[in-house]
Amino acid sequence: MTVASDAFRGSAPYYARHWKTYPEDLFRSLVRVCGLTTRSRAIDLGAGTGQAAIPLARWVADVLFVDPSDEMVVEGKRMAEAAGVTNIDFLVSRAEDLDERISSFDIATIAGSFHWMDREAVLQKLDKMIKPGGCVAVIYPKLDRSEPGEWRKALMNDLIEFWGGSWPGLPVQRTPHREVLRDSNFGEITELRHDIEARWNIEDLLGWVHGTSLGSPVSLGDRLDEFRSRVRRLLLSYSPSGFFMERGYCSTLLGHRFSDEIVGREEHRFRPQTN
């Protein structure tokens, strides 16, 4: 499996500056539904530059920020410092390689990066790291409307065509995240949805593309100028003014982990009576 840090080499500054933040209501919902408090501990896997870890840290005791890219972790530290957030510890690691002795977390968040992981292996590892009654939150934006026209779909199709018809380095994950969660020990699933609306100008979109594995400056090498011209030309064909908008929602799949004690009580509660 491709290590995500290789595919994102050189992308971290763009990722930090141009990727949109998650809705604040999402974190309020995590606190409420998962019963988080200022004593709770969180771990954020594939943390990027802190788009989930930093806002979550304001609600809990501490967050362990984990990403396989040293560049992303450096940018994450910078972003946390700029936001005045001090209760985050940083670790350069793949999720699959975590030491299971780093445990006693109330929640694990995986925001936009689950498809890069060996999902079954990560959930098995988290089963040993999350407290009884804790949960895993898999967070993804679902963008279903863009204006003007379907510029988002056209952009993604063009980027994949640029790379010869496939997403460079991205593992093929045919089983939906929901089914992978359901088949794990985090199999009781709650879905949260939060509306999102994003407005872009063309420079922000170019920066966003450079923050993905499809537009990593290191991967592009001497094709960088050609790539930027191609993206700019396509976007301007949809919006000569250089302004864009998209709407959708942020989907959060919460996989709940129950303790043996809780399961035992439920089995006793619903055990049929015999004479």
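The questions and answers below go through the sheet, the helices and the nonpolar cores of a predicted model.

This is a predicted model, in which local features need pLDDT of at least 70 and side-chain atom pairs count only at pLDDT 80 or more, while totals for chains, interfaces and linings use all residues. Residues are numbered from 1 along each chain as its sequence is written, and side-chain values use heavy atoms, with hydrogens and water left out.

Q: In what order do the seven strands of the open sheet stand?
A: Strands here are DSSP runs of E with at least two residues, helices are runs of H or I with at least four, and both are numbered from the N terminus. Two strands pair if DSSP finds at least two bridges between them. The pairing in this open sheet is mixed, and the order of its seven strands is β3-β2-β1-β4-β5-β7-β6.

Q: Which strands stand at the edges of the sheet?
A: An edge strand here has a single partner strand, so one side of it is left without a neighbour in the sheet. The two strands in this position are β3 (88–92) and β6 (188–201).

Q: By how many degrees are neighbouring strands of this sheet turned against each other on average?
A: Axes are lines fitted to C-alpha atoms, for helices over the stretch in contact, and angles run from 0 to 180 degrees between N-to-C directions. For the neighbouring strands of this sheet direction is ignored, and the average turn is 20°.

Q: Is strand β1 largely enclosed or not enclosed by the rest of the structure?
A: Buried means under 20% relative accessible area, exposed means over 50%, and partly exposed lies in between, with a 1.4 Å probe and protein chains only. In the sheet, β1 runs parallel to β2, to which five bridges join it, and also parallel to β4, to which four bridges join it. Four of the five residues of β1 (residues 41–45) are buried, so this strand is largely enclosed.

Q: Which residue of β2 stands opposite A42, and which residue of β4 stands opposite L45?
A: The strand β1 is joined by bridges to β2 and to β4. Opposite A42, the residue in β2 is V63, and opposite L45, the residue in β4 is I110.

Q: Do β5 and β7 run parallel or antiparallel?
A: One pair of bridge partners between these strands is Y140 and S251, the latter lying in β7. Twelve bridges join β5 to β7, and the direction of the two strands is antiparallel.

Q: Which helix makes a right-handed unit with β4 and β5?
A: The strands β4 and β5 run parallel and are joined by six bridges, with I107 opposite C135 in β5. A crossover is right-handed if, with the strands pointing away from the viewer, the path from the first strand over the helix to the second runs clockwise. The helix that completes this β-α-β unit, covering residues 119–127, is α6.

Q: Which element supplies the largest share of the largest nonpolar core?
A: A nonpolar core is a set of buried Ala, Val, Leu, Ile, Met, Phe, Trp, Tyr and Cys residues joined through side-chain atoms within 4.5 Å. The largest one has 29 residues, and those with the most contacts inside it are L30, V63, I88 and I107. Elements that each supply at least two residues of this core include α5 (70–83), β2 (62–67) and β4 (105–111). The largest share, five residues, comes from α3.

Q: Against which elements do the buried residues of α7 pack?
A: Among the buried residues of α7 are W151, L155, L159 and F162. These buried residues pack against β5, β6, α9 (202–210), α10 (217–220), α11 (224–238) and β7.

Q: How many Å apart are the end C-alpha atoms of α7?
A: The expected span of a helix is 1.5 Å times one less than its number of residues. For the twelve residues of α7 (residues 151–162) this should give 16 Å, and the model agrees, as the end C-alpha atoms are apart by 16 Å.

Q: Does P217 count as buried or exposed?
A: P217 is found in helix α10, and contact means heavy atoms within 4.5 Å. Leaving aside its neighbours within four places in sequence, P217 is in contact with R9, G10, S11, Y14 and H210. Its relative accessibility is 19%, so P217 counts as buried.
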